Amino acid sequence: MIIFDLESTGNYDEIWKGAAIASIAAMEYENPKNRFEIQCRVPDDSIFNKVSLKYTGYTKEELTDTNRLPEEECLKKYIDWHKNIQNQTIIGLNPWVLDMPLLLFRLNHYGIVHDLNRSGIHQTL
C-alpha cells in the first residue's frame with residue numbers, strides 16, 4: 001500500500017484551470033524505508049491560489065525556482081517509483097478530493113504513460 005500526499009497550487013475547483021503539483025510525498029506502507037519525496041517547479045502559467053500557498057507554506061518564487069525539477073520530470077520520477085510497488089492501494093486523507101484527480105490530470109496533460117487507472121489507486125483507505 002502507498003501512503004500518498006501531494007501539495008498543489010490550487011484547490012479541487014482549479015484542477016482543470018491550471019493548478020499544478022508543488023510536491024509529492026509517498027511511502028510504501030509495508031516497507032517504510034521505501035519513500036518518494038520531491039518538490040516540483042510548476043509552470044509559470046499555473047494558478048497560484050493564495051489559500052493553497054498559505055496551506056503548503058510555499059511561495060510563488062519557490063515554486064518557480066529553476067533549481068527545482070520541472071513538474072513533468074517530477075511526475076515521471078513518481079511513476080517510475082510507483083510502478084515497483086506491489087500493493088498499490090492508496091492510503092491518504094481524502095485522496096479522491098484533490099490528490100488523485102490532480103495527479104491523473106497532470107499526468108495526462110503531459111502525455112505521461114502510466115497504468116494508474118488499472119492499478120490499485122482506486123482502492124483507498
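Met27, at a relative accessibility of 17%, counts as buried, a term that means under 20% relative accessible area, with exposed meaning over 50% and partly exposed in between (1.4 Å probe, protein chains only). The structure described here is a predicted model, in which local features need pLDDT of at least 70 and side-chain atom pairs count only at pLDDT 80 or more, whereas totals for chains, interfaces and linings use all residues. Residues are numbered from 1 along each chain as its sequence is written, and side-chain values use heavy atoms, with hydrogens and water left out.

Met27 belongs to strand β2, where strands (E, at least two residues) and helices (H or I, at least four residues) are DSSP runs numbered from the N terminus. When residues up to four places away in sequence are not counted, Met27 touches Met1, Ile2, Ile3, Pro32, Asn34, Arg35 and Trp81, a contact being defined by heavy atoms within 4.5 Å. One of these partners, Ile3, lies 24 residues from Met27 along the chain, and the C-alpha atoms of the two residues are separated by 5.2 Å.

Ala25 is also found in strand β2, but at 34% relative accessibility this residue counts as partly exposed. Leaving aside neighbours within four places in sequence, Ala25 is in contact with Ile3, Phe4, Asp5, Phe36 and Glu37. Of these, Phe4 is 21 residues from Ala25 in sequence, and the distance in space is 6.0 Å from C-alpha to C-alpha. Ile3 is thus named among the contacts of Ala25 and among those of Met27.

With regard to the whole chain, the protein contains four helices and five strands, and the order of these elements from the N terminus on is β-β-β-α-α-β-α-β-α. For 125 residues, a compact globule would have a radius of gyration near 14 Å, and the 14 Å of the protein agrees with this value; the radius is taken over C-alpha atoms, and the globule rule is 2.2 Å times the number of residues to the power 0.38. The C-alpha trace spans about 35 × 30 × 25 Å along the principal axes of the protein. Of the 125 residues, 49% count as buried, and the accessible surface comes to about 7,000 Å², of which 49% belongs to carbon and sulfur atoms. Such areas come from the Shrake-Rupley method with a 1.4 Å probe, and for residues only the protein chains shown count as cover. Among contacts with a separation of 6 or more, 67% are accounted for by residues 24 or more positions apart.

The mean positions of the 13 positive and 18 negative charges are 1 Å apart. In this count Lys and Arg are positive and Asp and Glu negative, while His and the chain ends are not counted, and the place of a charge is taken as NZ of Lys, CZ of Arg, CG of Asp or CD of Glu.

A contact between distant parts of the sequence is illustrated by Ile15, which lies in the loop between β1 (2–8) and β2 (21–28) and is buried, with a relative accessible area of 0%. Not counting residues up to four places away in sequence, Ile15 touches Leu98, Pro101, Leu102 and Phe105. The C-alpha atoms of Ile15 and Leu103, 88 residues apart along the chain, are separated by 9.5 Å. Leu104, found in helix α4 (residues 99–110), is buried with a relative accessible area of 10%. From Leu104 to Asp44, a separation of 60 residues in sequence, the distance between C-alpha atoms is 20 Å.

The loop between β5 (90–91) and α4 holds Asn94, which is exposed, with a relative accessible area of 52%. The phi of Asn94 is near 50°, a positive value in a residue other than glycine. Most residues other than glycine have a negative phi.

Finally, a search of the whole structure finds zero disulfides, a disulfide being a pair of cysteine sulfur atoms within 2.5 Å. The sulfur of Cys40 has its closest cysteine sulfur in Cys74, at 3.0 Å, which is too far for a bond. Both residues are nevertheless buried, Cys40 at 1% relative accessibility and Cys74 with a relative accessible area of 0%.
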